[in-house]
Amino acid sequence: MAAHFDTDAEDAKLAAVREKEEEDLVRILSEKHGIPYADLSGVPVNMDALRVVPEEVAKEAEAIAFDKSGKHISLAIHAPENLALGKLVGELEGQGLIVEKYLVSKKSLEKGLSRYIDLSYAHEDHAGVFDIRGEELHAFAEKLTTLASLRAQLTESTDPAHRAQVSIVLEQLLAAGLSLRASDIHIEPGEDGVRLRLRIDGLLTDAFTFDQHEYELIASRIKLLSGLKLNVKDRPQDGRFSIHVNNDIEVRTSVIPGAYGESFVMRLLNPNTLSISFEGLGIHEKILERLSDEIKRPNGMLLTTGPTGSGKTTTLYAFLKYLHTPSIKIITIEDPVEYHIPGIVQTQVDHKDYTFAGGLRSVLRQDPDVIMVGEIRDAEVAETAIQAALTGHFVFSTLHTNNAAGTFPRLVDLGVDPKSFASAITVAMAQRLVRKLDPERRKQVVLTDDEKRAIERIFSTVEDRSLLPSSIETAWVPDPRSEDETGYAGRMGLFEVIFMDDELGEFLRDNPSEHDIQKHVRRQGTLTMAQQGVLDALNGLTSLEEVLRVVDLPRD
C-alpha cells in the first residue's frame, strides 16, 4: 500500500525555505548597497510613522515608514533603484525629517503595507514623544500598583492566544514603573528566559519573565523609540525618548550585548524628583542652619561625595534652587543634564569639544556667581574648580569617596595643593540613600543587648550629647502584610558634613590621612552618616538593618 504523501506539509516546508532564501538575499544586498537590513516580521510598525507616507505613495515607492522619533523617521525599502523612492525621500527631507533607510524583503514590505488597514483606528502621538495617554495611564496606574498585579497583566498581555500589541506591553511596563516609583527598568536575556526587573527604592526586584519572541518585539520597539540602530547587536548603544504624562518624563536607554542577547536598561527621569526642597533633604536642622549660611558666601566650594546612585545630583539641585534668585547667575556643567531647572543655565559635556575642564574655563567667562560642575574627575578639572572658588565664585561639585573626610586626600591624589584647602573649600559632605519605613507597615521592637552595645559604640564619639535620645530600648522594623510588600516606601538621605575653619585648614596643610581627619573634626559636633542613620532608626524613619546595609560602621 502506497504511503500517503502530505503535500500541504511539503508545500509549507518549501515556502519556509524560499522565505529564508529571500531574507538571506536581502541581507547580502544590504551589504552591497550599504543599507542596514531589517525584518518587519519582528519589528512593530508605529502608526504615527505609517501615516506620514500615504498608502498610494508607499506602494509606488515600495517603501513604508515604520517608526518615527522626533525628526528621525525609519523607512523600510525594497528596491533602492525605484525612482519614486528618491522623490519620496526628497519630500520627507524637505519636511525637515532625517530619513534612515532599511532594506527589507518583499514579504516584510507586504506585512508593513497591510498595516494601513489599521491606520484609522490608531491614535496620534505628540511629535517626538511616546504618549501614554492620560486615561490609559490612569487605568494602568490603578491596576498596576503592586508587582503581583504587574505580573498578572503581563501574563495576560503576552499570552500567545491573544497577545497584545508590543506598544501596549511597553506602555504597561512604563506605567507600572512610574506607579511603583521605579528608577530603572531592566530587561535581561538569560539561559532560562528574559528577566524583567525593576529598581524600586534602590533595590532590584524580579517582576516577570518574557519568552524570546516577546523579547525581540520589545527590544526592537525600545530601539526604535530611543533612536538606536536595529541591526547593531554587538556593541553598546545609548539613546533616549520621552513619555508624555502630566509633564514630559525622559527615559534614558542603555543597551549592551550579552551572552544570550542584548541587555536593556531604561532609566526613568521623573521631574517629581526635583520637588525635594533644601529643607526637605533630611539634613539635621542644626547642620542645615549653618549650611544655609555657608553656601550663601560670595566664593568658596561645596563638595558632596558618595557612590553612584546616592542622590548627590538631587542634593546639588536642591541647593541651586534654594540659592536661585533673579540677582544671581547660576551655570551648570553636567554629564548629562538630567533635569531642567527654570532660570538656570544648564550645559552638557560631549567629551570631545566641550569637556568638564574646557567647559569650566568657558563658563568663567560668562560672569557667573554660582557654578555647578557635575563631577571632579581629573587633575585639570580639580585645579580649575579650586581656582574658580578662589576668584569670586561659589562652586558646587561631586567626588567619588566613601565619606566626607575622604574628600581632602582624594583632591591631593588629583594634584591639588593641600595648602589651598582652607581658602577654597567651604563644605565637604557625604551622603547615602536609605529606604524609609512605610508608616502603615512598620512596628516597634525591643532591642537586644548586642544591638544596644553596638548603638552605644556608634554614639560614643558624638560631642554634642543633646542630639542623642535619653534611652536606647526600642527601634522600628518593617512589617509587610504580603509577599510583594517590603514595609518601605520611598527613600531619604543620610548626611555627614565637615565645615572648614582655621584649625581644620591648618591641620590639612600636612596632608593627614582620612582616618586622622575623621577624628579631628569630631570637635565640630556634627553627626556621621552612621550616627544619623541610627537616630532615624530609633525614631521610626528607617530600620537599623537598612542603615547597616548602606553605611560603613566606624572603626573606633
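**Stop 1: the largest cavity**

Select strand S1 (63–69), strand S2 (72–77) and strand S3 (98–103): each supplies at least two residues of the lining of the largest cavity. You are looking at a predicted model. Two cavities of 30 Å³ or more are present in the structure. This one has a volume of about 80 Å³.

How is such a space found? Rolling a probe the size of a water molecule over the atoms shows where empty space is left.

Now show side chains around the space. Start with Asp-67, Lys-68 and Ser-69, which are among the lining residues. Add His-72, Ile-73 and Ser-74, also in the lining. Then pick Glu-100 and Tyr-102. Finish with Leu-224, Gly-227 and Leu-228, which line the cavity too.

Color the lining by class. Which classes appear, and how many residues does each have? You should find four nonpolar, four polar and three charged residues.

**Stop 2: the second largest cavity**

Move on to the second largest cavity, which holds about 40 Å³ of space. Select Gly-282, Ile-283, His-284 and Ile-287, which are part of its lining. Then add Phe-495, Glu-496, Val-497 and Gln-532, which line this cavity as well.

Color by class again. The lining of the second largest cavity divides into four nonpolar, three polar and one charged residue.

Which strand gives the largest share of this lining? Strand S18 (residues 488–499) does, with three residues.

**Stop 3: strand S18 and its partner**

Keep S18 selected and turn on the surface. Why is S18 largely enclosed by the rest of the structure? The reason is that 10 of its 12 residues are buried.

Next, select strand S15 (residues 427–437). S15 and S18 run antiparallel, and 10 bridges join them. For one example, click Val-427: its bridge partner in S18 is Phe-499.

While the strands are on screen, look at their side chains. In a regular strand the side chains alternate between the two faces of the sheet.

**Stop 4: salt bridges**

Hide the strands and show charged side chains. How many salt bridges are there? The count comes to 29. Visit three of them.

Begin with Glu-250 and Arg-252. Their side chains form a salt bridge, with N to O at 2.7 Å. Are these two residues buried or exposed? Glu-250 has a relative accessible area of 16%, so Glu-250 is buried. Arg-252 is buried too, at 15%.

Go next to Glu-380 and Arg-361. This salt bridge also joins two side chains, at 2.7 Å from N to O. Glu-380 lies in helix H13 (residues 379–390), while Arg-361 lies in helix H12 (residues 356–364), so the pair ties together parts that are 19 residues apart in sequence. Check the surface here. Glu-380 counts as partly exposed, at 42% relative accessibility. Arg-361 is partly exposed as well, with 37%.

**Stop 5: a network**

Select Glu-188, Arg-195, Arg-197 and Asp-206. Salt bridges that share partners join these residues, Glu-188, Arg-195, Arg-197 and Asp-206, into one network.

Zoom in on one link. Glu-188 and Arg-195 meet in a salt bridge through their side chains, and the N to O distance is 3.4 Å. Glu-188 counts as buried, at 17% relative accessibility. Arg-195, at 34%, counts as partly exposed.

Notes:
Residues numbered from 1 in each chain as written. Predicted model: local features only at pLDDT ≥ 70, side-chain atom pairs only at ≥ 80, totals over all residues. Heavy atoms only, no water. Salt bridge = Lys/Arg side-chain N within 4 Å of Asp/Glu carboxyl O. Buried < 20%, exposed > 50% of the residue type's maximum accessible area, 1.4 Å probe, protein only. Helix = DSSP H or I, 4+ residues; strand = E, 2+ residues; numbered from the N terminus. 1 Å grid on protein atoms, 1.4 Å probe; cavity = no way out; pocket = protein on both sides within 12 Å on 5 of 7 lines; lining within 4 Å. Points joined across faces, edges and corners; volume = space filled by probe spheres on them. Nonpolar A, V, L, I, M, F, W, Y, C, P; charged D, E, K, R; others polar. Pairing = 2+ DSSP bridges.
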